Amino acid sequence: MARQFSALIALFLFWVLLSGMFTPFLLAAGAGSALAVLLFARRMDLVDHEGHPIHLGWWALFSYWPWLAREIVTSAWDVTKRILHPRLPITATLVEFVPSQRTDIGLVIHANSITLTPGTIAVEVEPGRFLVHALTREGAAGLAGSEMDRRCAALESS
């Protein structure tokens with residue numbers, strides 16, 4: 001029940017964010033729309049622990065997003081330098097490692113974070129095994145037991 005109420009509130013807040021209108025009629029229409037979407041989602045059995053993961057530690061999630069944004073900017077700068085500077089090596093490498101996440105949502109967060117970071121892409125994701133393509137050997141070496149792995153595991157366990 002808490003998951004459904006949380007989903008209803010999230011849908012309504014998303015509607016208000018996109019609408020930007022605060023008249024009583026439009027707020028009521030937004031609440032009705034959010035309720036209708038929630039009922040459809042319940043009917044399709046989409047409001048579960050993966051579809052609406054309220055069990056994740058929100059305080060950890062809000063500290064993770066800024067950290068990930070900084071990693072994306074840092075990696076983008078490194079990739080840009082390697083492309084524009086002819087002496088910096090590009091040594092494409094495939095690396096396989098064991099992530100520390102155990103749930104599906106933890107693995108998805110970690111794999112998507114790897115793919116969002118320029119210069120790396122998660123090629124294969126299986127429970128207990130990631131195969132990642134990295135632009136450099138240094139980037140590949142830093143994947144196993146990385147800060148990203150630790151932070152994603154913290155998200156999963158909170």
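Are phenylalanine 97 and phenylalanine 130 buried or exposed? In this predicted model, phenylalanine 97 is buried, and phenylalanine 130 is buried as well. The two residues also form an aromatic pair, and this pair is described below after an account of the chain as a whole.

The secondary structure of the protein chain consists of six helices and three strands. Along the sequence, these elements occur in the order α-α-α-β-α-β-β-α-α. The chain is more spread out than a compact globule, because its radius of gyration is 20 Å, well over the 15 Å that the globule rule gives for 158 residues. Along the principal axes, the C-alpha atoms occupy a box of roughly 65 × 35 × 25 Å.

Burial, contacts and surface were examined next. Of the 158 residues, 32% count as buried. Among the contacts with a separation of 6 or more, 68% are made by residues 24 or more positions apart. The exposed surface of the protein chain amounts to about 10000 Å², and carbon and sulfur atoms supply 68% of this area. The side chains include 12 positive and 13 negative ones, and the centres of these two sets are 6 Å apart.

Two aromatic pairs are present in the structure. In one of them, the rings of phenylalanine 97 and phenylalanine 130 have centres 5.6 Å apart. The planes of these rings stand at 75 degrees, and planes over 60 degrees apart count as edge-to-face, so the pair belongs to that class. Phenylalanine 97 is part of strand S1 (residues 93-97), whereas phenylalanine 130 is part of strand S3 (residues 129-134); the pair therefore ties together parts that are 33 residues apart in sequence.

A second group of residues involves helix H3 and the loop that follows helix H4. Leucine 68 is located in helix H3 (residues 58-84). Its relative accessibility is 9%, and buried means under 20%, so leucine 68 counts as buried. When residues up to four places away in sequence are left out, leucine 68 touches Ser113, Leu116, Thr117 and Met148. Threonine 117, one of these partners, is found in the loop between helix H4 (104-116) and strand S2 (120-126). With a relative accessibility of 7%, threonine 117 also counts as buried. Under the same exclusion of residues up to four places away in sequence, threonine 117 touches Leu68, Glu71, Ile72, Ser75 and Met148. Met148 thus appears among the contacts of threonine 117 and among those of leucine 68.

Distances between C-alpha atoms relate positions in sequence to positions in space. Leucine 68 and leucine 84 are 16 residues apart along the chain, and their C-alpha atoms are separated by 24 Å. Isoleucine 105 lies in helix H4 and is buried, with a relative accessible area of 15%. Between isoleucine 105 and glycine 32, which are 73 residues apart in sequence, the C-alpha to C-alpha distance is 30 Å. Serine 19 belongs to helix H1 (residues 2-19). This serine is partly exposed, with a relative accessible area of 26%. Serine 19 and aspartate 149 are 130 residues apart in sequence, and their C-alpha atoms lie 37 Å apart in space.

Note on methods:
Residues numbered from 1 in each chain as written. Predicted model: local features only at pLDDT ≥ 70, side-chain atom pairs only at ≥ 80, totals over all residues. Heavy atoms only, no water. Phe/Tyr/Trp six-rings, centres within 6.5 Å; stacked < 30°, edge-to-face > 60°. Helix = DSSP H or I, 4+ residues; strand = E, 2+ residues; numbered from the N terminus. Buried < 20%, exposed > 50% of the residue type's maximum accessible area, 1.4 Å probe, protein only. Rg over C-alpha atoms; globule rule 2.2 N^0.38 Å. Contact = heavy atoms within 4.5 Å. Areas by Shrake-Rupley, 256 points an atom, 1.4 Å probe, with all protein chains shown as cover. Lys, Arg positive; Asp, Glu negative; His and termini not counted. Charge placed at Lys NZ, Arg CZ, Asp CG, Glu CD.
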